[in-house]
Amino acid sequence: MTTLVMVAVLCTGLICYYLLPISSMPNANFPTINVKATFPGALPETMGNSVALPLEKQFMAIPGLRIVSSNSILGNTSIVLQFDIDKDMETAAQDVQEAVSTALPFLPPNIPYGPVYRKVNPAQQPVIYIGLTSPTMARYDLYTYANTLVGQRISMLEGVAQVTTYGSILAVRIQVDPVKLVTHNVTLAEVSEAVQRENVFLPTGQLDGDITAPIISVDGELVHASDYEQMIVAYRNGSAVRIRDIGRAITNFQNNKILGQYVDSKGAQPTVLLAIQKNPDANTVAIADGIYKLLEELKDQLPAAIETHVIFDYSIPVRIAIGDAITTLIIALILVVIVIFMFLGKIADTIIPSLVLPMSVIGTFIVMYAFNFTLDNLSVLALTLAIGFVIDDAVVVLENITRRVEMGETPLHAALEGSREIGFTIVSMSLSLLAVFIPMLFMGGLIGKIFSEFAITLTAITVISGFISLSLTPMLCSRFILPRNSHSYKKSMLETFSDKVNTSMRTMYHKMLVRVFDHQITALIIGLVSLVASICLLLYIPIDFVPDEDIGFFVIYTQEMEGGSSARMLNYENTILELIRDDPSVDVFVALSSVNEYRKGLNFIHLKPQDQRPPINTVIQNLYKKLNAVAGVQSFIKNIPLIDLAIGQESRSAYQFALQGIHADSIYESAKKLLNAMRHDPMFQGVNSDLEIDTPQININILRDQAAQYGITAMDVENVFSLSYSGNLISLIQTAIDQYNVILELYPEYQRQPETLHNIWLRSPLTSNLVPLSATMQWKEGLGATSVNHVNQFPSVTISFNLAPGIPLGTALEKLEKFTRELVAPGVSAHPIGAAQTFNESIQSSGYLLFATIFSIYIILGILYESFIHPITILTTLPPATFGGLLTLLILGMPLSLYSFLGIILLIGIIKKNGIMIVDFALENIRVRGMAGREAIINACLARFRPIIMTTVAAIFGVLPIALGFGANAAARRPLGLVIIGGLCISQLITLFITPILYLGLENLYPTSNKACR
């Protein structure tokens, strides 16, 4: 029966393995919704006060809302709503829809587009970037194929949240000369009204005769730019005034400022870029597979002149990382088996416990599939770590059975009695190990949700290994271990050598143990020192979050001075393009100029494979030096983090710090001081903010009394500015593929200097004569805001920053707190958000997690042993282990990162098994064999010495591939392996002597009854 059960587990586990989806990390993200509203040409203050604020007031009433941040720029508002980790996304979306509907009456009545929302975090990095290029096709035609044919089809794929198209759709731009308008006695408003009259698509109905009912089709729509040039605007002096008489109509772009270039080894060429973002719970690899399949299907539908280029695919480093992690798992398994073989010296004895490893791992795949887990870095890491300690149970069972066989028992009797004798120990070890993982299941927030999958995976493999060790292992021992008293049995050379080594080590340990018993006070002082040293090291070692990953991709954000023009930004981008192209580590990249604002640029950089370049941080630092040498433009480089927790419209650096309050002036002044301090501190890099309040601005003062004399209203004045400069649509062109804007504006040369305002005229409703705009208003130059930002409805400034190499996040946040106390005005709230906020929350909960772990172990051991005292003896193994792990970090100059702390938690679970094996056997000696306390503990130490050393070395070799940094992006996980190895090595030198002494002292105070109670 045992064999059949194991075969069933093996087959089912392998099936589940192939069904598990692949991902980089567990599916754990804050539910996030992005609400956007567009009002072309509206000032940032108008968007912030009239559009963002009414919406925010309604959003703030939604339950489960974590943070609301908004960014309002010229003509656009973007509001990001981040909910609690447990909030259901569909429920959140319904709440947002209701809030938007409630806010609609409070929005400007002439806003052309209502607010729309998507279930996506705009600050989250896309999973795939695809560029389309063509040497012959016009860019607006390329955009049509990219956006309509490719982008919209991709957006229909399961798991895709949003496809952003960097480029511009086609538009007909009617550009007029204000001087010619005056010459022909025509105004901008009249041109706009004429276009709206002549480009119409009204329902025209159909006839209904005796036999037929023909549909009426009227060609009232103007489609091509040439049609608009011929259009009559008005009649003056009996002659028709056409668009061509006062200007021109051209086929152009809706946004004619943005320019994208795809750059590879062959050169640069115009491109339209697609950035695909996924839903929070979607699988990256599955989305990538779906996109590649779709692109293959679309090949026949795209013109031959169009080429598609995958700039970056996040699923590729995910696949590589998972492949390397599985290889690491296999290497760890092989190393552990070799260690067991070296200690036992016999192949049959080695194979028996070694079968527990693959069976436990394969059985865990069943649990992972049942819980909808993914095969990701953390789950595979959990399995790899488990290799080192799940074999403990089988080794302890095997060693106990083998010891009884060597004492003359038959294999069958030894298997039955040995497994019974050791069964309680195995249960104790397994349950106490589960106590380590249980607190992880109840951690709150994002980190708790991420590590709950890690904890459940470890819990599953621990339970499965314990079950196999008490079922399969004794059965195999009874069948394949030879009787040691048989005349036909002869030890091999390796077995003989192994026995000699084990005997020598045990004899040496016996002598040292007896000597230590003569210096018990000294030993206890050493144990106490290790406890105090652990606490001191915890307070001294700097704290970090998650180390940077090297996925071969990063983003460079560029910006020039506030108010910079699109033409100058294009020149800067071309200079930066050459610097990036000359870097030998860069494979391909896309450079975008005038993105969102005229003065901003974006560069998506894909590096060569890791074996052909330096580490990504080295590449970034080298690029920083080159880019910072370009005068007049700032560059900010963001390496894509493993866990992207940025909040807002965009985060140009890894971490964010927000200032908010009621009084905007105090916030802005404090932000300027804080920015200046951070930029002059070498600890910080890429310091930037969304504070943009010094943008050159033309302030218009309407002379209302003078305007009223001509019958001209404020609406007439603002309307003429909107028609001249806003780029807003005045009509739509309807086609079978898409809708295109008709835009009215002045000639470009009249949009460069404010003096051209003198060339604009309006018509007086009272006299029907033209009136110069300058007669109704005055203007002067000033400064204003490019963007208006809110956090939780209040004015805010968000500062983004990177850290210099080697600077832990905890140290940087301490410095920021110091700056905040010194520089931030009273009444202004300053606090980290995004990844930095999650880091603070995880640090605050880590102490509780450590305490909860130790307390859980104590409670479970107390229940198992029915004692308040003996669990304390077992827990004395923890301080030396913690001290060893922290000392390793200190010596190697590593911070206490999230991975390091995880290593300490796992170290606690591993090392206390040694105490259990010793204490459990000592209690058995007293209760069953009637030994005295000293004799019982010494006998227990000697009897359990070999399995303790064997399982410790196996655990060390199990995490050795992790500590050595094997595989892609393994450097981030190295501290975890190093902490476990350092803790095991140092703790064994201490606990093998301190635990017996403390046990004896407590046994003398509270003697154990010699009556068996199990």
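These are my notebook entries on a predicted model of one protein.

**Entry 1. Overall figures**

I began with the totals. I counted 31 helices and 28 strands in the protein. The C-alpha trace spans about 130 × 75 × 55 Å along its principal axes. Of the 1014 residues, 57% are buried. I put the accessible surface at about 42,400 Å², with 59% of that belonging to carbon and sulfur atoms. For contacts between residues at least 6 apart in sequence, I found that 80% join residues at least 24 apart.

**Entry 2. Helix H2**

I looked next at helix H2, which covers residues 44–59. Where does H2 bend? The bend is at Ala52 and amounts to about 40 degrees. A proline, Pro54, follows within four residues of Ala52. I then checked burial along H2, and both Ala52 and Pro54 are on the buried list. The list also holds Pro44, Met47, Gly48, Val51, Leu55, Glu56 and Phe59. I asked what the buried residues of H2 pack against. The partners are strands S1 (32–38), S2 (65–73), S3 (76–83) and S26 (788–791), together with helix H3 (89–103).

**Entry 3. Gln793**

I followed S26 to the loop between S26 and strand S27 (794–803), where Gln793 is found. Is Gln793 buried or exposed? Neither label fits, because its relative accessible area is 25%, which counts as partly exposed. With neighbours within four places in sequence left aside, Gln793 is in contact with Leu53, Glu56, Lys57 and Met60. Glu56 is one of the buried residues of H2. I also took a C-alpha distance from Gln793 to Ile662: the two are 131 residues apart along the chain and separated by 9.5 Å.

**Entry 4. Nonpolar cores**

I listed the nonpolar cores. The largest has 267 residues, and within it Ile276, Phe454, Phe684 and Phe801 touch the most other members. Helix H28 (residues 898–927) gives the most to this core, with 19 residues. There is also a second, separate core of 25 residues, which includes Leu55, Phe83, Ala93 and Val96. Leu55 had already come up as a buried residue of H2.

I then pulled the contacts of Phe801, leaving aside neighbours within four places in sequence. Phe684 is among them, as are Tyr655, Phe657, Met678, Val687, Leu813 and Leu816.

**Entry 5. Phe554**

Phe554 is placed in strand S14 (residues 553–560). I have it as buried, because its relative accessible area is 0%, against a cut-off of under 20%. Beyond four places in sequence, its contacts include Phe604, Ile605, Leu607, Ile616, Val619, Ile620 and Leu623. Lys638 and Asn639 are also in contact with Phe554. As a distance check I took Leu441, which is 113 residues from Phe554 in sequence and 33 Å away in space, C-alpha to C-alpha.

**Entry 6. Surface patch**

I noted a nonpolar surface patch of about 500 Å², made by Leu528, Leu531, Val532, Ile535 and Leu539. Leu539 is found in helix H18 (residues 520–540). Why does Leu539 count as exposed? Its relative accessibility is 73%, and the cut-off for exposed is over 50%, so the label follows. An α-helix has 3.6 residues a turn, so residues three or four places apart point the same way.

**Entry 7. Salt bridges**

The search over the whole structure returned 20 salt bridges. I examined three pairs.

Asp289 and Arg319 meet through their side chains at 2.6 Å, N to O. Asp289 lies in helix H9 (residues 284–298) and Arg319 in helix H10 (residues 315–344), so the pair ties together parts 30 residues apart in sequence. Asp289 is partly exposed at 38% relative accessible area, and Arg319 is partly exposed at 33%.

Glu692 and Arg599 form a salt bridge whose closest N and O atoms are 2.6 Å apart. Glu692 sits in the loop between strands S19 (684–689) and S20 (695–702), Arg599 in the loop between strands S15 (586–593) and S16 (600–607), and the two are 93 residues apart. Both Glu692 and Arg599 are buried.

Asp694 and Lys672 meet in a salt bridge at 3.9 Å, N to O. Asp694 is in the loop between S19 and S20, and Lys672 is in helix H21 (residues 664–679), 22 residues apart. I have Asp694 as partly exposed at 35% relative accessibility and Lys672 as partly exposed at 36%. Last, I traced shared partners: salt bridges join Glu597, Arg599, Lys600 and Glu692 into one network.

Key:
Residues numbered from 1 in each chain as written. Predicted model: local features only at pLDDT ≥ 70, side-chain atom pairs only at ≥ 80, totals over all residues. Heavy atoms only, no water. Bend = angle between axes of the 7 residues up to and from the residue. Buried < 20%, exposed > 50% of the residue type's maximum accessible area, 1.4 Å probe, protein only. Contact = heavy atoms within 4.5 Å. Patch = residues over 30% accessible without salt bridge, like charges linked within 9 Å, V, L, I, M, F, W, Y side chains within 5 Å. Areas by Shrake-Rupley, 256 points an atom, 1.4 Å probe, with all protein chains shown as cover. Salt bridge = Lys/Arg side-chain N within 4 Å of Asp/Glu carboxyl O. Core = buried A, V, L, I, M, F, W, Y, C linked by side-chain atoms within 4.5 Å.
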